[in-house]
Amino acid sequence: MAQGSQPKYKIKEEKNVWVTMSDGVRLAVDVYRPVARGKFPAILAMSAYGKEVQVLQMPLQPRAHGSLTWDGVIEAGDTNYIVPRGYVHVIGDVRGSGD
């Protein structure tokens, strides 16, 4: 069985980074990046439920029988799993919610 990537980076947090959309509307995003030099691929997650909720420490829920996806409570994915493996995790509030 093949083994996946292993964690090797610490996490740097940047909260409420303002991003201007093409129509001038500004949205707030939280950026979690590896503490390292260089470029990394990014995973973008947007939530109408507030970006702060997306990084709460919650126990993982088991997958439903036959499901190919995780049936957890956080849509954005696990920042503490993603970033140490070399990805930037950007979590934002959608228009009309949060910041």
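Modeller: Let's say up front that a salt bridge here is a side-chain nitrogen of Lys or Arg within 4 Å of a carboxyl oxygen of Asp or Glu. This is a predicted model, and by that rule the count comes to three salt bridges.

Colleague: What makes Arg33 and Glu14 a salt bridge?

Modeller: Their closest N and O atoms are 2.6 Å apart. The cut-off is 4 Å, so the pair qualifies. Arg33 lies in strand E2 and Glu14 in strand E1, so the bridge ties together parts 19 residues apart in sequence.

Colleague: And why do Lys15 and Asp30 count as a salt bridge?

Modeller: N to O is 3.6 Å there, and the rule asks for within 4 Å, so they count too. This pair also links distant parts of the chain, with Lys15 in strand E1 and Asp30 in strand E2, 15 residues apart.

Colleague: Why is Asp30 called buried?

Modeller: Its relative accessible area is 1%. Buried means under 20%, so Asp30 is buried.

Colleague: Why is Lys15 called partly exposed, then?

Modeller: Lys15 has 40% relative accessibility. That value falls between 20% and 50%, so partly exposed is the label.

Colleague: How do you know that Arg95 and Asp23 form a salt bridge?

Modeller: Their N to O distance is 3.0 Å, which is within 4 Å, so the rule is met. Arg95 sits in the segment after strand E4 and Asp23 in the loop between E1 and E2, so this bridge ties together parts 72 residues apart in sequence.

Definitions and conventions
Residues numbered from 1 in each chain as written. Predicted model: local features only at pLDDT ≥ 70, side-chain atom pairs only at ≥ 80, totals over all residues. Heavy atoms only, no water. Helix = DSSP H or I, 4+ residues; strand = E, 2+ residues; numbered from the N terminus. Buried < 20%, exposed > 50% of the residue type's maximum accessible area, 1.4 Å probe, protein only.
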